[in-house]
Amino acid sequence: MFKPLLAALLVFQATSPLGCGEVEHTVGDPPTGEWTLLGSPLSLHLTEVSSVSATEAYVLGGDHQFFRYDGTDLNEMHFVPFGNHIEGVVAQGPGTFTAVGADSDTSDRREANFRFANNRFADEGNLRAPLLGAAATPNGEVIAVGGFSTGAAYRRGPEGWVELSLPSSYPLFSEVTVSPSGAAYLLHSQGLLKLEGEGGEDVPMFSPTFRMSSVFATTGEVLFVGGPDGMLATRKDGQWTVTDLDASTWNAIWGRAANDVWAVGNGGSIAHFNGQAWTLFESPTHENLHALSGTADGQLIAVGDNGTAITYQP
């Protein structure tokens, strides 16, 4: 069983040198589960994963190859036709997910998006901008983000895809997370944009030079962001707390509550936040990990380079 590396425990109690105030969190129970390496003969890089349950998750490999994780193995599903480059995948229930990306066969690099349901892919294309990421909302809709010269965001609801109004012009968006209340947080090179209802606002950042590589929102609008040089930051009640943990770039963050959050990154780095402190976990791999997803009962899957997939059982 892989245990926390207690020597790496960092407690967020002092004011950060970046000028952030103290942030208090309810402390959760320490994880007692284990990360294990999934035996995989794949040689391609795995870049995205989205979970439905402990026995159903959808994994993106290369730029257009899908796999289904059945709780034991990765099983190849389909090559998306037409040379589309898929960048993001979001599960929406048993047997259903939406994939977003860009159509490489067109000169203006328009988007490509597909919905998988009833054991088949359906093209839902014809939006104006390439898409780089997607997230599900609590009511079963999908928010997709990307951009061409400027950022763009779309919502997929019962009536199909609709472009969202933004409060200003932004660089292209690389990632989106949606909190349990339905607020969407869009990551771009200069910060975060929060969209809620019909309005939007910039999230005040702790540093104008910090380049985030991952973002996740939990209950109570608690935000977690990761970046290069081991930096992880948490925002609660309008205050940021920042720490350096390892030397990794943290590529993905996922949690089921503000006191049970995981991060994965380069070199196989794994860390857990219990509401007060980040703890490094011993990892079963040294490959870069690019994506992370989980379920309400705490089962996790992370994927990365050279066909690497690791799972956590609480």
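Here are some worked exercises on aromatic pairs, sheets and cores in this structure.

Keep in mind that this is a predicted model, where local features need pLDDT of at least 70, side-chain atom pairs count only at pLDDT 80 or more, and totals for chains, interfaces and linings use all residues. Residues are numbered from 1 along each chain as its sequence is written, and side-chain values use heavy atoms, with hydrogens and water left out.

**Exercise 1. Classify the ring pair Trp35 and Tyr312, and say where its two residues sit.**

Step 1: get the rule. Rings of Phe, Tyr and Trp (its six-membered ring) pair if their centres lie within 6.5 Å; planes under 30 degrees apart are stacked, over 60 edge-to-face, and the rest tilted. That rule gives 13 aromatic pairs here.

Step 2: apply it. The centres of Trp35 and Tyr312 are 5.4 Å apart and the planes stand at 45°, so we call this pair tilted.

Step 3: find the residues. Strands are DSSP runs of E with at least two residues, numbered from the N terminus. Trp35 belongs to strand β2 (residues 34-37) and Tyr312 to strand β29 (residues 309-313), so the pair links parts of the chain 277 residues apart.

Step 4: check burial. Buried means under 20% relative accessible area, exposed over 50%, and partly exposed in between (1.4 Å probe, protein chains only). Trp35 has 0%, so it's buried. Tyr312 comes in at 3%, so that one is buried too.

**Exercise 2. Do the same for Phe224 and Trp278.**

Step 1: the ring centres are 6.3 Å apart with planes at 90°, so the pair is edge-to-face.

Step 2: Phe224 is in strand β20 (residues 222-226) and Trp278 in strand β26 (residues 277-281), so parts 54 residues apart in sequence get tied together.

Step 3: both Phe224 and Trp278 are buried.

**Exercise 3. Describe the open sheet that contains β11 and β12.**

Step 1: two strands pair if DSSP finds at least two bridges between them. β11 (residues 131-136) and β12 (residues 142-147) run antiparallel and share five bridges. For Leu131, the bridge partner in β12 is Gly146.

Step 2: look at the turn. β11 and β12 make a hairpin with five residues between them, and Gly140 in the turn has a positive phi of about 90°.

Step 3: zoom out. The open sheet has four strands in the order β11-β12-β13-β14, with antiparallel pairing. Its edge strands are β11 and β14 (160-163), each pairing on one side only.

**Exercise 4. Which residues have the most contacts inside the largest nonpolar core?**

Step 1: define the core. It's a set of buried Ala, Val, Leu, Ile, Met, Phe, Trp, Tyr and Cys residues joined through side-chain atoms within 4.5 Å.

Step 2: read off the answer. The largest nonpolar core has 27 residues, and Trp35, Trp262, Ile270, Trp278 and Leu292 have the most contacts inside it.

Step 3: list suppliers. Strands that each supply at least two residues of this core include β20, β26 and β29.

Step 4: look elsewhere. Another core lies apart from this one, with 16 residues, among them Leu192, Phe206, Phe210 and Trp240.
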